[in-house]
Structures are given as structure tokens and as C-alpha cells.
Amino acid sequence: MGTTIRATCPNCGDVELGVADLTALLCSTNDAASYSFRCPGCMVLVTKSTGRRVVDVLVSSGVELRRWRFPAELEEPHNGQAFAPADVVALREDLSRSDWYARLVAAGSGFAGDSEEG
Ligand SMILES: [Zn+2]
């Protein structure tokens, strides 16, 4: 019989899993450690933050380790104006019009709020 790992699902409480049922996760951007599993009871994907030591123990037990990093887009310069609450209101109004898609196509990239400068 293989290793049994007990984890907690927010819906079902304690559940028992095999090593193949979990994935250990290490973020190379900020060294955050976590693990995830699909609950055998309710099928919800559960992800929990944990310590590096727990990840090491899981991996030494045979759990797959997956390394990930923040998306590279986060490091790109953003020179435009920040998206403001008024932009959300304007977008909501635009999307409530029945011709929103035709207006989007007609406006091209300018629909996204590109300002005219000069
Ligand atoms: Zn569950």
C-alpha cells in the first residue's frame, strides 16, 4: 500500500490522498510554497499555501514538484494611465449598448481609451 497523505478540503474536511493526487508547487519569483489537489469528495481544486519544509516532505514522499513563476507581463513597463473606477462605468455603459461589438470593431485600438495627443 502506498503513502497516504491527509489534507483538508474546505467543503469536505479531512480527505485521504495518494502521492499521485497532489502537486507540490514552488514559485521561483518569490519562493512561495504551496500544494494543490482535486478533492476526491467534491472535485474542487484546492490550493494551500504552506512552508518550504512541507513541500520538501511531500516531494520526498513521491509527490510531483511543479515550479512556476509570475507572468513576465508583470515586469513590463506600463506607461498608460491606470484603469480607474470611471473607466469601469464607461465600459459597462459601452457594453450595455446593443451595437457594442460593431462600435468596438469600428474604433479599432482607439476603443480602449487611447488618448489623442498633440
Ligand atoms: Zn471536497
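Two strands count as paired here if DSSP finds at least two bridges between them. In this predicted model, strand E1 (residues 4-9) and strand E2 (residues 13-18) clear that bar, with six bridges joining them in an antiparallel arrangement. The two strands form a hairpin, and three residues sit between them. Within the pair, Ile5 stands opposite Leu17 of E2. As for burial, none of the six residues of E1 is buried, so the strand lies largely in the open.

Next comes the sheet. Four strands make up an open sheet in the order E5-E4-E3-E6, and the pairing is mixed. The edges are taken by strand E5 (45-50) and strand E6 (64-68); each has a single partner strand, so one side of each is left without a neighbour in the sheet. From one strand to the next, the twist averages 25°. In the order given, E4 and E3 sit between those edge strands. Strand E3 (residues 22-27) pairs with strand E4 (residues 33-38) over five bridges, in the antiparallel sense. One spot to look at in this pair is Ala24, whose bridge partner in E4 is Tyr35.

Ala24 and Tyr35 turn up again in the packing, as both belong to the largest nonpolar core. This core has seven residues in all: Leu22, Ala24, Leu25, Tyr35, Phe37, Leu58 and Val63. E3 and E4 are the elements that give two or more residues to the core, and E3 supplies the largest share, three residues. Phe37, another core member, also has contacts elsewhere in the chain. Leaving out residues up to four places away in sequence, Phe37 touches Ala7, Leu17, Asp21, Leu22 and Val46. Among these, Leu17 is the residue of E2 that stands opposite Ile5, while Leu22 is a fellow member of the core.

On the scale of the whole chain, there are two domains, with domain 1 covering 4-69 and domain 2 covering 81-109. Their centres, taken over C-alpha atoms, are 40 Å apart. Helix H2 (residues 85-96) has twelve residues, and its range falls inside the bounds of domain 2. From first C-alpha to last, H2 reaches 17 Å, close to the 16 Å expected at 1.5 Å a residue. Burial for this helix is quickly told: the number of buried residues among the twelve is zero, so H2 lies largely in the open.

Methods. Residues are numbered from 1 along each chain as its sequence is written. This is a predicted model: local features need pLDDT of at least 70, side-chain atom pairs count only at pLDDT 80 or more; totals for chains, interfaces and linings use all residues. The expected span of a helix is 1.5 Å times one less than its number of residues. A residue is buried if 20 or more other C-beta atoms lie within 10 Å of its own, exposed if 12 or fewer, and partly exposed in between; C-beta atoms are placed from the backbone. Domain bounds come from an automatic or database domain assignment. Axes are lines fitted to C-alpha atoms, for helices over the stretch in contact, and angles run from 0 to 180 degrees between N-to-C directions. A nonpolar core is a set of buried Ala, Val, Leu, Ile, Met, Phe, Trp, Tyr and Cys residues joined through C-beta atoms within 7 Å. Two residues are in contact if their C-beta atoms, placed from the backbone, lie within 7 Å.
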